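Here is a friendly walk through a structure that may be new to you. Have a look at it first, and then we'll go through some of its contacts together.

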Amino acid sequence: MKKTLRFAASFLLPAVLTIIFTSCLRQKADASGTEMRYGIASEPATFDPLSPSNTADGRSILFNVFEGLVKPDTEGRLLPCIAESVTVEELGRVYRFKLRENVRFHDGSPLTSTDVKFSLETAQAAGFTGLDSIEDIETGGDYDIHLTLRRPDPEFLPYLTVGIVKADSVDRENNAIGTGPYYIESYTVQQSLVLRKFNDYWQDNVPNLEKITVLFFADSDAMILGLHGGSIDGATFYSGHAHQLSRERFDIIPGYSAAVQLLALNNAAAPLNDIRVRRAINYGINVQEIIDTAFYGRGEPSGSPLIPGLAVYYNQSLSDPYPYDPEYARALLAEAGFDEGGQSLSLVITVPSNFTMHVDTAQVITGQLARIGIQAGIQLVDWATWLSDVYRDRNYQATIISLDSPHVSPQSFLIRYRSDNNGNFINFSDAGFDEVIDATLIETNEDMRIALYKEAQQIVSDNAASAFIQDIMRFRAFRAGAYGGVLNYPLYAIDFASMYSR
């Protein structure tokens, strides 16, 4: 069986992988030749698109610098990007891509199949989700590349958004050369990053803005001051801070963050290695109170490690799996040996200080946990320390963070909970979960695969692996009437190339 996709292979939200025909080009506007200054809360951890350790804000910036074989649109469809078509053969085991012949890297050199082969093999070796299913990569001339999988994978295309770099590029951290609409002109640590329009970009009349200066701020309060003072033209905020902006002075554009905010619990650290304690914490947290207090009532509660936006895969029964019940929470703690008359339980919640919404959430949670007898304290750390101590070294008890996915795929959200996954910083381990998540990789029946994903979410929830809170509502704010073309993706990304000056 052979199917050729001349214009688009689609992974729909909330549908499954299908074949459609549509244009992959952005809606074009007149180039303005202007600069936009944009505020962001955290710096990229790396400029290497083939490193899996980047931050959400880092991936959001690199979305404009590097491109993959395919790229999502605002509805979750996967559109050919540096590839112009793909032919799927052998019931989904063989993918044959035809590359565009007018794509150039930022140094002027043409992109060829050799670059794609090098990039995918490097990303595969780095452990990128889904690429381990590739058995063989072959090139057929400069513009043909053939991927053979070990087994059919119905969710393979979303993984091919990985950024393509020049073959044999070894110093990618200091020499970030992609094919995207912008190239990195300069970077000043803890201050700014400048993106400059790539004049030889393969799409005509894209991008529209000549220069993007990304300014890094210590917290959202500083970004608010920057907007009010005019030092930046736009920024990303969350509900608590968006309410500080006047709609007469600013255009405020809402959209979900497409990330799961959670109170992450280190399942290997005592006393959190006791499921009774983890369940007590879940029953002791009032999610709606968090949303009402810290987010002005704007947010979508979720007790799942998967965002509700992936509706066909989302387990609806987990919208509120641990209803607020402080009395039962205290009973569970007493059963675990912690009660008011005996040993008390203390908990340190480590929070990255640059994310004000997580700090605000921590403050609400500490008050809630005090009601069930847990003495919770907040430890504020900078982002570099959080990445080192919490994420990499797993030296913490609890933390508050939002976990996104680089792909429009339920697999990318859930695979981090596999016991041996590098991103499993909460140290969750369940053999049943591993078995179920592995089964999703080989199950080709759509209904069965959906059922497996829902079962995987249920296992994580039943084990109270963490306290899953919500998909946070985020807002992009710009000077009133200044910019158009602001797009929201089912990914944590900002598309500077689509924007234009009015």
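## A buried pair of charges

Let's start with D48 and R172, which are both buried. Their side chains meet in a salt bridge, with N and O 2.8 Å apart. Keep in mind that what you're looking at is a predicted model.

This pair ties together distant parts of the chain, since D48 and R172 are 124 residues apart. You'll find D48 in the loop between strand 4 (35-40) and helix 1 (56-62). R172 belongs to the loop that runs between strand 10 (144-149) and strand 11 (182-188).

## More salt bridges

How many salt bridges does a search of the whole structure find? The count comes to 19.

Take K98 next, a partly exposed residue with a relative accessible area of 26%. One salt bridge joins the side chains of K98 and E101, at 3.9 Å from N to O. E101 has a relative accessible area of 54%, so it counts as exposed, the cut-off being over 50%.

K98 also forms a salt bridge with D144, where the closest N and O atoms are 3.9 Å apart. Here again distant parts of the chain are linked: K98 is in strand 8 (residues 94-99) and D144 is in strand 10, 46 residues apart. D144 is partly exposed, with a relative accessible area of 26%. Elsewhere, R37, D233 and R479 are joined into one network by salt bridges that share partners.

## A hairpin

Strand 10 is also half of a hairpin, together with strand 9 (residues 134-139). The two strands pair in the antiparallel sense over 5 bridges. If you'd like a spot to check, look at D136, whose bridge partner in strand 10 is T148.

Between strand 9 and strand 10 there are 4 residues. G141, in the turn, has a positive phi of about 80°.

## Rings that meet

Now for the aromatic side chains: the structure holds 20 aromatic pairs. In one of them, the ring centres of Y391 and F425 are 5.3 Å apart, and the pair is tilted because the planes are at 45°. Y391 is in helix 9 (residues 383-392), while F425 is in the loop between helix 10 (410-414) and helix 11 (431-440). The two are 34 residues apart, so this pair, too, links distant parts of the chain.

Is F425 buried or exposed? It's buried, with a relative accessible area of 1%, whereas Y391 is partly exposed at 23%. Another pair is F428 and F433, with centres 5.9 Å apart and planes at 80°, so this one is edge-to-face. F428 and F433 are both buried.

Y391 and F425 also belong to a cluster, where ring pairs link them with F355, W383, W386 and Y396. A ring can have a charge as its neighbour as well: the charged end of K71 sits over the ring of F63, 4.5 Å from its centre.

## A covered helix

Last stop: helix 5 (residues 275-283). Which of its residues are buried? They are V277, R278, A280, I281, N282 and Y283.

Several elements help cover these buried residues. Among the helices are helix 7 (326-335) and helix 8 (356-371). The strands include strand 16 (259-265), strand 18 (345-352), strand 19 (374-381) and strand 21 (466-479).

How values were computed. Residues numbered from 1 in each chain as written. Predicted model: local features only at pLDDT ≥ 70, side-chain atom pairs only at ≥ 80, totals over all residues. Heavy atoms only, no water. Phe/Tyr/Trp six-rings, centres within 6.5 Å; stacked < 30°, edge-to-face > 60°. Buried < 20%, exposed > 50% of the residue type's maximum accessible area, 1.4 Å probe, protein only. Lys NZ or Arg CZ within 6 Å of the ring centre and 35° of its normal. Contact = heavy atoms within 4.5 Å. Salt bridge = Lys/Arg side-chain N within 4 Å of Asp/Glu carboxyl O. Pairing = 2+ DSSP bridges.
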